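Trainee: I have a fresh model open and would like to talk it through with you. Could we begin with a single residue and work outwards?
Mentor: Happily, let's bring it up on the screen.

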Amino acid sequence: MHLAKPANHSTNKRTPQRPRIRAWLLALALVLLIWPVRAALPAAPQSFVHDTPIFLHDNGELLLKMSVNVDDTDGLMYMLKDGASIKLDIKSLVELPRAILSNIAVAEHTFSSTLRHDPLTREFLLTLPGEEHPRRDLNLARLLDSAWKNLRIDLASLATLRAKGPDKVFQISVTLSLRHTEVPPWLAKTVMFWSWDIVPPETITLEYPPAYDPVHRF
């Protein structure tokens, strides 16, 4: 007599895959929906725009007067509206060149100005050294023009330069950088590579006294 084998009922039931597939499809649809909108926005700035710096004497100090901006203020505007917090740094270094040995550092300073957007008032806020309250404007281009058009960058005291001896020619390096001060909201939950720099740093090298004005001594 042949006994019938009992049916093999597996206790490992597979979890239905449809909800998971639907979730992935929904996420993909959202990405495809948002991507064209993000792609249509202006790109981030690519470079600085500045004039030729001018040396100034003021109360025994050597200063540099210059205008700074970026090549795409619309791109900067959208970054700020998306929650970015940005800082402009202008670092100056005055050195006494030497033929064989490394240069002698005479003085260095850093000028800093920050930018952010207030979503409640819809204003852009810009800070400047020496000003207690940030400047505000609904128009970013107008705000940058009023604040960064006539910058005065500290270089060194004239007494310090005189102490190095007569007829000395100093090398001055001015480095511009525009960076995020914190991780932008749109990158907070990603692991993709990104740079703190919004615009590649740029260094301007000058001589003081300038060759075109040998009489302009300190």
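Trainee: Is Ser67 buried or exposed?
Mentor: Keep in mind as we go that this is a predicted model. Buried means under 20% relative accessible area. Ser67 has a relative accessible area of 18%, so this residue is buried.

Trainee: Where does Ser67 sit, and which residues does Ser67 touch, not counting residues up to four places away in sequence?
Mentor: Ser67 belongs to the loop between strand 3 and strand 4 (68-70). Leaving out residues up to four places away in sequence, the ones Ser67 touches are Val49, His50, Asp51, Trp148 and Lys149.

Trainee: Trp148 makes me curious about helix 3. Which residues of helix 3 are buried, and what arc do they cover around the axis?
Mentor: Helix 3 spans residues 140-148, and its buried residues are Leu140, Leu143, Leu144, Ala147 and Trp148. They lie on the same side of helix 3, because the arc they cover around the axis is only 95 degrees.

Trainee: Which residue caps the N-terminal end of helix 3?
Mentor: Look for a side-chain oxygen that lies 3.1 Å from the backbone nitrogen of Ala141. The residue that supplies this oxygen, and so caps the N-terminal end of helix 3 by the 3.5 Å limit for a polar contact, is Asn139.

Trainee: Back to strand 3 for a moment. In what order do the strands of its open sheet come, and which strands stand at the edges?
Mentor: The sheet has 3 strands, in the order 2-3-9, with antiparallel pairing. Two of them have a single partner strand each, so one side of each is left without a neighbour in the sheet. The strands at the edges are strand 2 (54-58) and strand 9 (151-157).

Trainee: How many degrees does the twist average from one strand to the next?
Mentor: For this sheet, going from one strand to the next, the twist averages 35 degrees.

Trainee: How many bridges join strand 3 to strand 9, and which residue in strand 9 is the bridge partner of Glu61?
Mentor: Strand 3 covers residues 61-66 and runs antiparallel to strand 9, with 6 bridges joining the two. In strand 9, the bridge partner of Glu61 is Ser157.

Trainee: Let's move to strand 5. How many of its residues are buried?
Mentor: Strand 5 takes in residues 86-96 and is mostly covered. Of its 11 residues, the number buried is 8.

Trainee: Which strands are joined to strand 5, and by how many bridges?
Mentor: Strand 6 (residues 104-118) runs antiparallel to strand 5 and is joined to it by 11 bridges. Strand 10 (residues 170-180) is also antiparallel to strand 5, and here the count is 10 bridges.

Trainee: Which residues pair with Leu96 in strand 6 and with Lys87 in strand 10?
Mentor: Leu96 has its bridge partner in strand 6 at Ile104. Also on the strand 6 side, Leu88 stands opposite Ser113. Turning to strand 10, the bridge partner of Lys87 is Arg179.

Trainee: What joins strand 6 to strand 7, and which residue in their hairpin takes a positive phi?
Mentor: Strand 7 (residues 123-126) runs antiparallel to strand 6, and 4 bridges join them; one pair is Asp118 with Glu123. The hairpin has 4 residues between the strands. Most residues other than glycine have a negative phi. The exception here, with phi near 65 degrees, is Arg122.

Trainee: Are Arg122 and Asp167 buried or exposed?
Mentor: Asp167, in the loop between helix 4 (158-162) and strand 10, has a positive phi too, near 60 degrees. Exposed means over 50% relative accessible area. Arg122 has 63% and Asp167 has 67%, so both residues are exposed.

Trainee: Which peptide bond is cis, with omega near -5 degrees?
Mentor: Most peptide bonds are trans. The cis bond leads into Pro209, which is found in the segment after strand 11 (197-208). The bond in question runs from Tyr208 to Pro209.

Trainee: Finally, how many helices and strands are there in the protein chain, and what share of the residues is buried?
Mentor: The protein chain holds 4 helices and 11 strands. Among its 218 residues, the buried share is 32%.

Key
Residues numbered from 1 in each chain as written. Predicted model: local features only at pLDDT ≥ 70, side-chain atom pairs only at ≥ 80, totals over all residues. Heavy atoms only, no water. Pairing = 2+ DSSP bridges. Axes fitted to C-alpha atoms, helices over the stretch in contact; angles between N-to-C directions. Buried < 20%, exposed > 50% of the residue type's maximum accessible area, 1.4 Å probe, protein only. Arc of directions from axis to C-beta. Polar contact = N/O pair within 3.5 Å; in protein donor to acceptor, adjacent residues only side chain to side chain. Contact = heavy atoms within 4.5 Å.
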